Amino acid sequence: MDKDKFTNIYRLPGSIQIRIGKWQKTFRGTSDLVLHQALMERNNQFKKPDFLPKGWCVTPIDEKDITVTHHGKYIQTVMRTMLDRKVSYKRLFLSRMSAEEGEKVLHNYKLEWVRKHNQICLLY
C-alpha cells in the first residue's frame, strides 16, 4: 500500500482506495481513468455540507435554543470560542445579583453571541 501524491488516495495492489475518516471507497484497477474517478468521488464527498467532521462546518444557531442552567451558587450558559471553537462557559455567581436578573444578563449576552455567530456563519 503506497500513499499517493493525492490527499486521502491510496494505491493498493490492483485497486485505488479513498479513505476520509471512517468513510472509504475502493475502485478496481490502477489506470489513470480509475484514479480520475477516485479523485472526482473524493472531491464530491468534500463538497457535501454534512460530510466534514463536526466543528469543521459552522451551522447557524436558532435564537430560541439559548439555555441558562442553574448550578446552586451560580448560573451558566455554554458556547464555543470564536478562535479555536473550544467549549467555554459564561458563569454568573448568584452572590453578585438575583437569579432573575442574572438570567436576563446571560440571555442577552448569549443572544449577542448567537447573532455574531450567525453573521459569521452566513459569510462561510
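**View 1. Arg80 and Val87, face to face across two strands.** In this predicted model, Arg80 sits opposite Val87 of strand β7. The strands involved, β6 and β7, run antiparallel to each other and are joined over 7 bridges. Strand β6 spans residues 74-80, while β7 takes in residues 87-93.

**View 2. The turn that links β6 to β7.** Follow the chain out of β6 and you pass 6 residues before the hairpin's other strand, β7, begins. Arg85 is the one to look for here: its phi is positive, near 60 degrees.

**View 3. A nonpolar patch with Tyr89 in it.** Val78, Val87 and Tyr89 together make a nonpolar patch on the surface, about 270 Å² in area. Val87, already met as the residue opposite Arg80, shares this patch with Tyr89. Tyr89 belongs to strand β7. Is Tyr89 buried or exposed? Somewhere in between: Tyr89 has a relative accessible area of 47%, so it counts as partly exposed. That value is over the 30% needed for a patch residue.

**View 4. Strand β6, mostly under cover.** How many of the 7 residues in β6 are buried? The count is 5, so most of this strand is covered, with buried meaning under 20% relative accessible area. For the whole protein, buried residues come to 28% of the 124 residues.

**View 5. The other neighbour of β6.** Strand β5, just residues 69-70, also pairs with β6, again in the antiparallel sense and over 2 bridges. Zoom in on Thr69 and you'll find its bridge partner in β6, Gln76. The β5-β6 hairpin has 3 residues between its strands, and Gly72 has a positive phi there, near 80 degrees.

**View 6. Stepping back to the whole chain.** Pull away from the close-ups and the protein shows 2 helices and 7 strands. Along the sequence they come in the order β-β-β-β-α-β-β-β-α. The C-alpha atoms fill a box of roughly 70 × 25 × 20 Å along the principal axes. The radius of gyration is 23 Å, where a compact globule of 124 residues would have one near 14 Å. As for the contacts between residues at least 6 apart in sequence, 37% join residues at least 24 apart. The protein exposes about 9500 Å² in total, and carbon and sulfur atoms supply 54% of that area.

Technical notes: Residues are numbered from 1 along each chain as its sequence is written. This is a predicted model: local features need pLDDT of at least 70, side-chain atom pairs count only at pLDDT 80 or more; totals for chains, interfaces and linings use all residues. Side-chain values use heavy atoms; hydrogens and water are left out. Patches are made of residues with over 30% relative accessible area and no salt bridge: like charges are joined within 9 Å, nonpolar side chains (Val, Leu, Ile, Met, Phe, Trp, Tyr) within 5 Å. Accessible areas come from the Shrake-Rupley method with a 1.4 Å probe; for residues, only the protein chains shown count as cover. A salt bridge is a side-chain nitrogen of Lys or Arg within 4 Å of a carboxyl oxygen of Asp or Glu. Helices (H or I, at least four residues) and strands (E, at least two) are DSSP runs, numbered from the N terminus. Buried means under 20% relative accessible area, exposed over 50%, partly exposed in between (1.4 Å probe, protein chains only). The radius of gyration is taken over C-alpha atoms; the globule rule is 2.2 Å times the number of residues to the power 0.38. Contact means heavy atoms within 4.5 Å. Two strands pair if DSSP finds at least two bridges between them.
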